[in-house]
Amino acid sequence: MIEIDGQDVAAAVEAYRITQTVDEGPEITLYLSPGWEGFGFDGLADVMAEPADLRHVVVEFLNAVDAQKLDEAVFARDDLDGRPGELTRGLLTQLKEWAASA
C-alpha cells in the first residue's frame with residue numbers, strides 16, 4: 001500500500017526510486033501513471049514509513065507446521081546437546097530453517 005494523505009495511490013504508481021546519501025535521510029520519488037488525476041499534489045512531502053505488520057505471516061507459518069513432522073525433525077537433529085532448554089532450542093532452530101527454505 002502506498003498512501004498519501006490517507007488515500008491509497010498504489011494503483012497509480014508505475015515505479016518508485018529510493019535514494020539516500022550518507023549525510024541525508026532517504027528520499028522516495030513516485031512515478032505516477034500518465035493521466036492519473038486522483039488528487040492535486042505538486043511539490044515535496046515528508047514521507048513516514050511504517051513497518052508492515054507481519055504477525056499474520058508468522059501465525060500462518062506456525063499454523064501450517066505439522067506437529068508430528070516437527071517432532072521427528074527435532075529429535076533427528078544432531079545438534080541437541082543435553083543442556084537445559086535443548087528441546088526449545090531445537091524447535092526454534094528447526095522452525096527457522098524451515099522458514100528460511102520456504
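**Figure 1. Arg-77 and Gln-94 are joined through their side chains in this predicted model.** The polar contact between the side chains of Arg-77 and Gln-94 spans 2.8 Å. Arg-77 sits in the loop between H2 and H3, while Gln-94 belongs to helix H3, which covers residues 86–101. Take a moment with the accessibilities here: Gln-94 counts as buried because its relative accessibility is 7%, and Arg-77 counts as buried too, because its value is 15%. Both fall under the 20% cut-off that defines a buried residue.

**Figure 2. The surroundings of Gln-94 include residues from earlier in the sequence.** Setting aside residues up to four places away in sequence, Gln-94 touches Leu-70, Ala-73, Val-74 and Arg-77. Helix H2 runs over residues 67–75, so Leu-70, Ala-73 and Val-74 can be looked for there, given that helices are DSSP runs. Arg-77, by contrast, is placed in the loop between H2 and H3.

**Figure 3. Arg-77 keeps company with Gly-90, Thr-93, Gln-94 and Glu-97.** These are the residues Arg-77 touches once those up to four places away in sequence are not counted. Of these, Gln-94 also shares a 2.8 Å polar contact with Arg-77, side chain to side chain. Glu-97 comes up again in another role, as it is linked with Arg-77 and Asp-79 in a network of salt bridges.

**Figure 4. Arg-77 and Asp-79 meet in a salt bridge.** The N to O distance between the two side chains is 2.8 Å, and the pair is also joined by a polar contact of 2.8 Å. Side chains of opposite charge can pair when their charged atoms come close. Asp-79, like its partner, is placed in the loop between H2 and H3. Are the two residues buried or exposed? Arg-77 is buried, with a relative accessible area of 15%, whereas Asp-79 is partly exposed, at 41%. With Glu-97, the two residues make up a salt-bridge network.

**Figure 5. Asp-79 and Thr-93 are set apart in sequence by 14 residues.** In space, their C-alpha atoms are 9.8 Å apart. It is a handy pair to view alongside Arg-77, which touches Thr-93 and forms a salt bridge with Asp-79.

**Figure 6. Asp-81 forms salt bridges with Arg-83 and with Arg-89.** For the bridge to Arg-83, the closest N and O atoms are 2.7 Å apart; for the bridge to Arg-89, the corresponding distance is 3.0 Å. Asp-81 is partly exposed, with a relative accessible area of 40%, and Arg-89 counts as partly exposed as well, at 32% relative accessibility. Across the whole structure there are 4 salt bridges.

**Figure 7. Val-65 lies in the loop between helix H1 and H2.** Helix H1 spans 55–64. Which residues does Val-65 contact, leaving aside its neighbours within four places in sequence? They are Leu-70, Leu-95 and Trp-98. Follow the chain to Trp-98 and you will have covered 33 residues, yet the two C-alpha atoms are 9.4 Å apart in space. Leu-70 is a useful landmark here, since it also appears among the residues touched by Gln-94.

**Figure 8. Tyr-16, Ile-18 and Ile-28 form a nonpolar patch on the surface.** Together, the three residues have about 320 Å² of accessible area. Ile-18 is found in strand S3, which covers residues 13–19. Ile-18 counts as exposed because its relative accessibility is 53%, and the cut-off for exposed is over 50%.

**Figure 9. The protein chain as a whole puts the close-ups in context with 3 helices and 4 strands.** Along the sequence, the order is β-β-β-β-α-α-α. Of the 102 residues, 9% count as buried, and the accessible surface comes to about 8800 Å², with 54% belonging to carbon and sulfur atoms. Among contacts between residues at least 6 apart in sequence, 27% join residues at least 24 apart. As for confidence, the mean pLDDT is 83, and 84% of the residues reach 70 or more. Among the elements, helix H2 has the highest mean pLDDT (96) and strand S1, at residues 3–4, the lowest (77). Where pLDDT is low, the predicted coordinates should not be read in detail.

Key
Residues numbered from 1 in each chain as written. Predicted model: local features only at pLDDT ≥ 70, side-chain atom pairs only at ≥ 80, totals over all residues. Heavy atoms only, no water. Helix = DSSP H or I, 4+ residues; strand = E, 2+ residues; numbered from the N terminus. Buried < 20%, exposed > 50% of the residue type's maximum accessible area, 1.4 Å probe, protein only. Contact = heavy atoms within 4.5 Å. Areas by Shrake-Rupley, 256 points an atom, 1.4 Å probe, with all protein chains shown as cover. Patch = residues over 30% accessible without salt bridge, like charges linked within 9 Å, V, L, I, M, F, W, Y side chains within 5 Å. pLDDT = per-residue confidence, 0-100. Polar contact = N/O pair within 3.5 Å; in protein donor to acceptor, adjacent residues only side chain to side chain.
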